[in-house]
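This report introduces a protein structure to a reader who has not met it before. Please keep the sequence and the three-dimensional view at hand while reading.

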Amino acid sequence: MDLQNLKRVRDDLRFRGVKGTTGTQASFLQLFEGDDHKVEQLDKMVTEKAGFKRAFIITGQTYTRKVDIEVLSVLASLGASVHKICTDIRLLANLKEMEEPFEKQQIGSSAMPYKRNPMRSERCCSLARHLMTLVMDPLQTASVQWFERTLDDSANRRICLAEAFLTADTILNTLQNISEGLVVYPKVIERRIRQELPFMATENIIMAMVKAGGSRQDCHEKIRVLSQQAASVVKQEGGDNDLIERIQADAYFSPIHSQLDHLLDPSSFTGRASQQVQRFLEEEVYPLLKPYESAMKVKAELCL
């Protein structure tokens with residue numbers, strides 16, 4: 001979505017064109033002795049030479065400062081995406097399910113030598129917050145342009161526009177470094193799933209009992225009581241989740257005891273996730289990336 005938005009805003013950019021001091025083209029009309037066609041021709045030629053497909057028809061002293069809002073809005077939105085991604089990586093690193101790249105001599109924490117802090121993700125989150133706040137500058141600038149233009153826009157724009165692009169570039173480079181060296185620990189993930197699986201499986205267990213002729217309401221109450229007991233063991237005693245053992249020991253669930261292994265198969269909880277991802281890649285991601293294939297191939301070869 002961020003790439004699509006960036007492309008849309010870039011493609012929609014217009015050139016101010018040859019409009020003169022106040023935007024009326026009066027000086028050019030005078031230069032060409034009142035020939036409107038020549039003024040428009042000049043406007044079109046300069047627009048094309050500047051690399052733009054279109055120019056604004058009406059402007060003041062400057063192009064409308066709402067353009068800056070559009071540009072920084074998509075960069076701020078990108079910042080939100082990167083912050084979300086890197087926050088998830090930091091949370092998963094805390095659970096030891098994955099880690100960002102960690103150099104051999106890297107110091108994870110100056111105070112605690114055993115730590116492997118996700119420093120790159122932390123940096124991305126920090127800079128992404130800065131990027132997200134920068135959109136407030138053009139919003140306020142556009143809102144206070146008196147009549148045609150207020151001269152207090154210039155100094156602000158020189159800072160916020162440059163900072164936004166530099167910050168976006170930095171967090172994308174860092175995120176690429178993280179992505180290319182991300183380490184995943186399947187065994188840790190498997191252990192965590194096994195710990196939570198009994199609670200996750202309760203819905204499937206209730207459906208199986210209903211299919212076997214049981215009352216959903218009665219089954220729900222039985223599961224609720226047993227789940228609370230199992231949760232108490234985990235939270236208060238530090239024990240393992242024994243919900244399944246409790247279900248196996250309860251005669252009420254005897255009609256589905258033989259199905260429990262199947263009901264607890266982790267793959268049965270993913271639904272159509274793999275098919276959805278494959279379709280998403282084929283229909284939305286790959287076509288969007290196709291124009292950039294050659295550049296990505298060159299970059300990949302340089303990295304190798």
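The text below treats helix packing, salt bridges, a surface patch and backbone angles in turn.

The structure shown is a predicted model.

**Helix packing**

Helix 4, which covers residues 66-94, packs against helix 7 at an angle of about 30°, and the two axes lie 10 Å apart. Because angles under 35 degrees count as roughly parallel, helix 4 is described as roughly parallel to helix 7. The crossing of helix 4 past helix 7 is left-handed.

**Salt bridges**

Side chains of opposite charge can pair when their charged atoms come close. In this model the count comes to 14 salt bridges. The table presents some of these pairs with their nitrogen-to-oxygen distances.

| Pair | Distance, N to O |
|---|---|
| K7 and D11 | 3.1 Å |
| K19 and D43 | 2.9 Å |
| R120 and E100 | 4.0 Å |

The pair K7 and D11 belongs to helix 1, which spans residues 2-12. These two residues are 4 positions apart, so about one helical turn separates them. With a relative accessibility of 35%, K7 is classed as partly exposed, and D11, at 39%, is partly exposed as well.

Which parts of the chain does the pair K19 and D43 tie together? K19 is located in the loop between helix 1 and helix 2 (26-31), whereas D43 belongs to helix 3 (residues 36-49), so their salt bridge connects parts that are 24 residues apart in sequence. Both K19 and D43 are buried.

The salt bridge between R120 and E100 also links distant parts of the chain, which are 20 residues apart. R120 is in helix 5 (residues 119-134), while E100 sits in the loop between strand 1 (98-99) and helix 5. Are these two residues buried or exposed? R120 has a relative accessible area of 12% and is therefore buried; E100 is buried too, with a value of 6%.

Some salt bridges share partners, and in this way K7, R10 and D11 are joined into one network.

**A nonpolar surface patch**

Which residues make the nonpolar patch on the surface? V144, W146 and F147 form this patch, whose area is about 460 Å². One of these residues, W146, is placed in the loop that runs between helix 6 (136-143) and helix 7 (154-180). The relative accessibility of W146 is 63%, and W146 therefore counts as exposed, the cut-off being over 50%.

**Positive phi angles**

Most residues other than glycine have a negative phi. Against this background, E33 and K96 deserve attention, as each has a positive phi without being a glycine.

For E33, phi is near 55°. E33 lies in the loop between helix 2 and helix 3. Its relative accessibility of 74% places E33 among the exposed residues.

For K96, phi is about 65°. The loop between helix 4 and strand 1 contains K96. K96 has a relative accessible area of 58%, so K96 is exposed.

**Summary**

In this predicted model, helix 4 and helix 7 pack roughly parallel to each other. The salt bridges include the pair K19 and D43, in which both residues are buried, and the pair K7 and D11 within helix 1. At the surface, V144, W146 and F147 make a nonpolar patch. The loop residues E33 and K96 have positive phi values.

Key. Residues are numbered from 1 along each chain as its sequence is written. This is a predicted model: local features need pLDDT of at least 70, side-chain atom pairs count only at pLDDT 80 or more; totals for chains, interfaces and linings use all residues. Side-chain values use heavy atoms; hydrogens and water are left out. Patches are made of residues with over 30% relative accessible area and no salt bridge: like charges are joined within 9 Å, nonpolar side chains (Val, Leu, Ile, Met, Phe, Trp, Tyr) within 5 Å. Accessible areas come from the Shrake-Rupley method with a 1.4 Å probe; for residues, only the protein chains shown count as cover. A salt bridge is a side-chain nitrogen of Lys or Arg within 4 Å of a carboxyl oxygen of Asp or Glu. Buried means under 20% relative accessible area, exposed over 50%, partly exposed in between (1.4 Å probe, protein chains only). Axes are lines fitted to C-alpha atoms, for helices over the stretch in contact, and angles run from 0 to 180 degrees between N-to-C directions. Angles under 35 degrees count as roughly parallel, over 145 as roughly antiparallel, 65 to 115 as roughly perpendicular and the rest as oblique. A crossing is left-handed if the near helix is turned anticlockwise from the far one by less than a right angle, and right-handed if clockwise.
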